[in-house]
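Subject: Handover of a structure and findings

Dear colleague,

Please find below the structure that I am handing over to you. My findings follow it, arranged by region.

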Amino acid sequence: MFSLLVILSLLLGCSAPKLEVKLDPKIERTDDNKVKVAFSTNLPDGTEVMIKISGKNGYVAQDKGKIEKGTFTSNLFSDGGKPLKSGDFQYEITTPIVSTQSDSVQKIFGEKGSNLIGTYVKQDSSLGENIVYYSSNFNIVNKVDNEYKEWVKLHDIKIQAQVIFFLNVLLEQNGKIHSSPNMYQTLTLLENLADEALSKATTDEDLIVLDEKYKKKLFTVKRA
């Protein structure tokens, strides 16, 4: 009985201790909106990790590698070599099934990851084992995309302003187009209006103010 207890004690003493996994993940961005996932960790060197980035715009890309000197940095994520498009993204850090890790890492992780504990560990029900898991969101605002959207917004304002005020002219003149001088002055006023609307971030309230301002001028043109 004594020898059995000794053997059990030795066996238990040989098992690896629990490992409370620690990660310090972050997104590293280049000036042209390509990204890397990087983190420091207490996972043993040689641990294989997988990175996945997905976007609401349908973007999906993956990378993998091994922990070296307590750190990991992924390859650059891009959109076919181009900057990522503006939008919301999620990145995930995971470890594959324990049996794919090296023998030294498997000993530390324990059977089916039983030695892994902490907030960065979750049980994968499909695998039936513990894995390292972390996810977070980030946003990309591409300057080119943003400038294009701003241009479209201003262009729409200009078109809306021209249509609204031109319709006002026709209504005020009972659907009759006045002589060329009056029409020329009217179109000049419309062009000035469009330029004024484009000179700042125009809101609906701004358009109402401009509407009143140019109605007065159009009334003067109509009476001339």
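The chain of this predicted model holds five helices and ten strands. Of its 224 residues, 34% are buried. The chain exposes about 14,100 Å², and carbon and sulfur atoms supply 55% of that area. Among contacts between residues at least 6 apart in sequence, 62% join residues at least 24 apart.

The sheet

Five of the strands form an open sheet with antiparallel pairing, in the order β5-β4-β7-β10-β9. The edges are taken by β5 (60-66) and β9 (121-124); each has a single partner strand, so one side of each is left without a neighbour in the sheet. On average, and with direction ignored, neighbouring strands of this sheet are turned by 30° against each other.

Strand β4 (residues 48-55) can be followed to both of its neighbours in this order. Towards β5, the two strands run antiparallel and are joined by seven bridges, with Ser54 opposite Val60 of β5. Towards β7 (residues 87-94), six bridges make the connection, and the strands again run antiparallel. There, Gly55 stands opposite Phe89.

The hairpin of β4 and β5 has four residues between the strands, and Gly58 takes a positive phi near 100° in this hairpin. The two faces of β5 can be told apart by their cover: Ala61, Asp63 and Gly65 belong to the covered face, whereas Val60, Gln62, Lys64 and Lys66 belong to the uncovered one.

Thr95

Thr95 is found in the loop between β7 and α2 (103-109). Is this residue, Thr95, buried or exposed? Its relative accessibility is 4%, so Thr95 counts as buried, the cut-off being under 20%. The side chain of Thr95 reaches the backbone nitrogen of Val132 at 2.9 Å. Leaving aside residues up to four places away in sequence, Thr95 touches Thr47, Glu48, Val49, Met50, Gln101, Ile131 and Val132.

Positive phi outside glycine

Most residues other than glycine have a negative phi. Two residues are therefore worth listing here, as each is a residue other than glycine with a positive value.

- Asn33 has a phi near 60° and is found in the loop between β2 (23-29) and β3 (35-41). With a relative accessibility of 14%, Asn33 counts as buried.
- Lys112 has a phi near 55° and lies in the loop between α2 and β8 (116-117). With a relative accessible area of 46%, Lys112 is partly exposed.

Pro83

Asn33 also appears among the contacts of Pro83. Pro83 is found in the loop between β6 (71-73) and β7 and counts as partly exposed, at 31% relative accessibility. Not counting residues up to four places away in sequence, Pro83 touches Asp32, Asn33, Lys34 and Asn142. Which distance separates Pro83 and Thr30 in space? From C-alpha to C-alpha, Pro83 and Thr30 are 9.2 Å apart, while 53 residues apart in sequence.

Yours sincerely

Terms used. Residues numbered from 1 in each chain as written. Predicted model: local features only at pLDDT ≥ 70, side-chain atom pairs only at ≥ 80, totals over all residues. Heavy atoms only, no water. Pairing = 2+ DSSP bridges. Axes fitted to C-alpha atoms, helices over the stretch in contact; angles between N-to-C directions. Buried < 20%, exposed > 50% of the residue type's maximum accessible area, 1.4 Å probe, protein only. Contact = heavy atoms within 4.5 Å. Areas by Shrake-Rupley, 256 points an atom, 1.4 Å probe, with all protein chains shown as cover. Polar contact = N/O pair within 3.5 Å; in protein donor to acceptor, adjacent residues only side chain to side chain.
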